[in-house]
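This briefing introduces a protein model to a first-year student. Please keep the sequence and the three-dimensional view at hand while reading.

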Amino acid sequence: MFIVVTYDIPGDHRRNRVAKALEGFGYRVQFSVFECEVDEAQFRKMREKVAGRINPEEDSVRYYLICQSCLAKIIIDGLGQVQREKPLFVV
């Protein structure tokens with residue numbers, strides 16, 4: 001499944017920890033945005049890792065699951081491209 005993860009985390013320490021956790025699952029495409037292609041088990045693990053690093057009273061993390069037909073409709077103006085190759089990440 002292809003997932004876009006966005007987050008708004010005011011604390012630098014927590015924000016850095018979340019970014020580090022997400023780097024194990026996908027590509028950082030903007031400062032607070034990751035694109036991840038994972039299976040269901042990896043998605044559960046990713047959410048567990050992120051949940052353990054945020055303060056739910058102050059932080060917001062959103063997961064947008066993108067279907068295959070919608071993935072082909074992503075439009076990017078300017079730099080960048082959708083990362084589809086399977087990265088080799090050690091989690």
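Arg28 lies over the face of Phe31, and the distance to the ring centre is 5.2 Å. The model is a predicted one, and the points below are grouped by topic.

**Aromatic rings**

- A pair of aromatic rings is described by two quantities, the distance of the centres and the angle of the planes.
- How many aromatic pairs does a search of the whole structure find? The search finds 2.
- One of them joins Phe43 and Tyr63 in an edge-to-face arrangement, with 5.6 Å from centre to centre and 75° between the planes.
- An angle over 60 degrees counts as edge-to-face, and the planes of Phe43 and Tyr63 are 75° apart.
- Phe43 belongs to helix α2 (residues 40-51) and Tyr63 to strand β4 (residues 60-66), so this pair ties together parts that are 20 residues apart in sequence.
- Phe43 has a relative accessible area of 13% and is buried.

**The largest pocket**

- The largest pocket holds about 260 Å³ of space.
- Its lining is made up of 14 residues, and those closest to the centre of the pocket are Val29, Gln30, Glu35, Ile76 and Leu79.
- Which elements give two or more residues to this lining? They are β2 (26-30) and β3 (33-37).
- Strand β2 gives the most, with 4 residues.
- Sorted by class, the lining of the largest pocket contains 8 nonpolar, 4 polar and 2 charged residues.

**Cysteines**

- A search of the whole structure finds 0 disulfides.
- Why does Cys36 form no bond with Cys67? The sulfur of Cys67 is the closest cysteine sulfur to that of Cys36, yet the two are 17 Å apart, which is too far for a bond.
- Cys36 is buried, with a relative accessibility of 0%.
- Cys67 is also in no disulfide, and its nearest cysteine sulfur, that of Cys70, is 3.0 Å away.
- A disulfide requires sulfur atoms within 2.5 Å, so the 3.0 Å between the sulfurs of Cys67 and Cys70 does not meet the cut-off.
- Cys67 counts as partly exposed, at 38% relative accessibility.

**Glu23 in helix α1**

- Glu23 is located in helix α1, which covers residues 12-23.
- With a relative accessible area of 34%, Glu23 is partly exposed.
- Glu23 and Val4 are 19 residues apart along the chain, and their C-alpha atoms are separated by 13 Å.

**The loop between α2 and β4**

- Asp59 has its place in the loop between α2 and β4, and Ile54 lies in the loop between α2 and β4 as well.
- Is Asp59 buried or exposed? Asp59 counts as buried, at 10% relative accessibility.
- Ile54 counts as partly exposed, at 22% relative accessibility.
- Residues under 20% relative accessible area count as buried, so the 22% of Ile54 places this residue outside that class.
- Along the chain, Asp59 and Asp12 are 47 residues apart, and 11 Å separates their C-alpha atoms.
- Ile54 and Leu65 are 11 residues apart along the chain, and 20 Å separates their C-alpha atoms.

Terms used:
Residues are numbered from 1 along each chain as its sequence is written. This is a predicted model: local features need pLDDT of at least 70, side-chain atom pairs count only at pLDDT 80 or more; totals for chains, interfaces and linings use all residues. Side-chain values use heavy atoms; hydrogens and water are left out. Rings of Phe, Tyr and Trp (its six-membered ring) pair if their centres lie within 6.5 Å; planes under 30 degrees apart count as stacked, over 60 as edge-to-face and the rest as tilted. Buried means under 20% relative accessible area, exposed over 50%, partly exposed in between (1.4 Å probe, protein chains only). A charge sits over a ring if NZ of Lys or CZ of Arg is within 6 Å of the ring centre and within 35 degrees of the ring normal. On a 1 Å grid over the protein atoms alone, a cavity is a set of points where a 1.4 Å probe fits but cannot get out, and a pocket is an open set with protein on both sides within 12 Å along at least five of seven lines; lining residues have an atom within 4 Å of a point. Grid points are joined across faces, edges and corners, and a volume is the space filled by probe spheres set on the points. Ala, Val, Leu, Ile, Met, Phe, Trp, Tyr, Cys and Pro count as nonpolar, Asp, Glu, Lys and Arg as charged, and the others, Gly among them, as polar.
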